[in-house]
Amino acid sequence: MLTLFQQIFTYDNVTFMLKGLGMTVVIALFATILSTFFGTILALIRTYATGKWKWASALVGAYTEFFRCTPNLLWILWIYFTVKGNKIAVSVFAITLFTSAVMSEIFRGGLNSIPKGQFEGAQSQGFDFLQTIWYIILPQMFKKVIPAMVSQIITVIKDTSFLKMVDVAEFMRNCSVVMGSIYDIRGMMMLFGFEALCYFVICFTLSCVVRQYQKKLVTA
């Protein structure tokens, strides 16, 4: 068993797999940043676009429901075979396209939980609509949605494994390359355990950091 372990987890193999893990983190990070940005804009439009701008709210609603009700893998495959460009950029774009819709619903729930009186109070202090959104509404909204947002970020990290299907050199794909040289079921189980451990460490660490941050917000 020790010999088998040494055969699988050589310096070259471990370096190769961890390089893929680094790519997973990079893709997830960029996709999260972009999805947070676009998700916030979509949520604001759907929540506050009224009157002559109501069509924009309906359009965002259609986009959100369409992507939330279809699999992320479907869009990764579709984007990969229709959009030409750098594999990493295309991967980030595909995940962002889907995740922005999910993030927008998370943020819309946060926006709807903020009392309407916040706008009246801000207006009485001389704030216009954009100032109210930037200085008063968004800070409160982000504090309220931290748990749901982190849950979605963890999902993004795990969903990068779908990129294996389009041969992007992320963690699961690199691990599969290593697995291709293993002809022992015990070795495969070791490698599966290594993959699970790496995902767990990243996602659990993220959860713990956010929990500590939330405690600070409560006691502040």
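**Entry 1: S100**

I began with a short distance: a polar side-chain atom of S100 sits 2.7 Å from the backbone oxygen of T96. I count a polar contact as a pair of N or O atoms within 3.5 Å; within protein, one must be able to donate a hydrogen and the other to accept it, and residues adjacent in sequence count only if both atoms are side-chain atoms.

Before going on, I noted that this is a predicted model, where local features need pLDDT of at least 70, side-chain atom pairs count only at pLDDT 80 or more, and totals for chains, interfaces and linings use all residues. I also noted that residues are numbered from 1 along each chain as its sequence is written, and that side-chain values use heavy atoms, with hydrogens and water left out.

I found S100 in helix α5, which covers residues 87-112. My helices (H or I, at least four residues) and strands (E, at least two) are DSSP runs, numbered from the N terminus.

Is S100 buried or exposed? S100 is buried, because its relative accessible area is 3%. Buried means under 20% relative accessible area, exposed over 50%, and partly exposed in between (1.4 Å probe, protein chains only).

Which residues does S100 contact, leaving aside neighbours within four places in sequence? I listed L34, S35, F38, G39, L42 and Y63. Contact here means heavy atoms within 4.5 Å.

**Entry 2: F37 and its patch**

Next I looked at helix α2 (residues 11-48), where F37 is found. F37 counts as partly exposed because its relative accessible area is 48%.

On the surface, F37 joins L34, F38 and I41 in a nonpolar patch, and together they have about 340 Å² of accessible area. Patch residues have over 30% relative accessible area and no salt bridge; like charges are joined within 9 Å, nonpolar side chains (Val, Leu, Ile, Met, Phe, Trp, Tyr) within 5 Å. A salt bridge is a side-chain nitrogen of Lys or Arg within 4 Å of a carboxyl oxygen of Asp or Glu. The areas come from the Shrake-Rupley method with a 1.4 Å probe; for residues, only the protein chains shown count as cover.

**Entry 3: I154**

I then turned to I154, in helix α7 (residues 129-159). I154 is buried, because its relative accessibility is 15%. Not counting residues up to four places away in sequence, I154 touches C203, L206 and S207. The C-alpha atoms of I154 and T32 are 9.8 Å apart, though 122 residues separate them along the chain.

**Entry 4: The whole chain**

Stepping back, I counted 9 helices and 0 strands. Of the 220 residues, 42% are buried.
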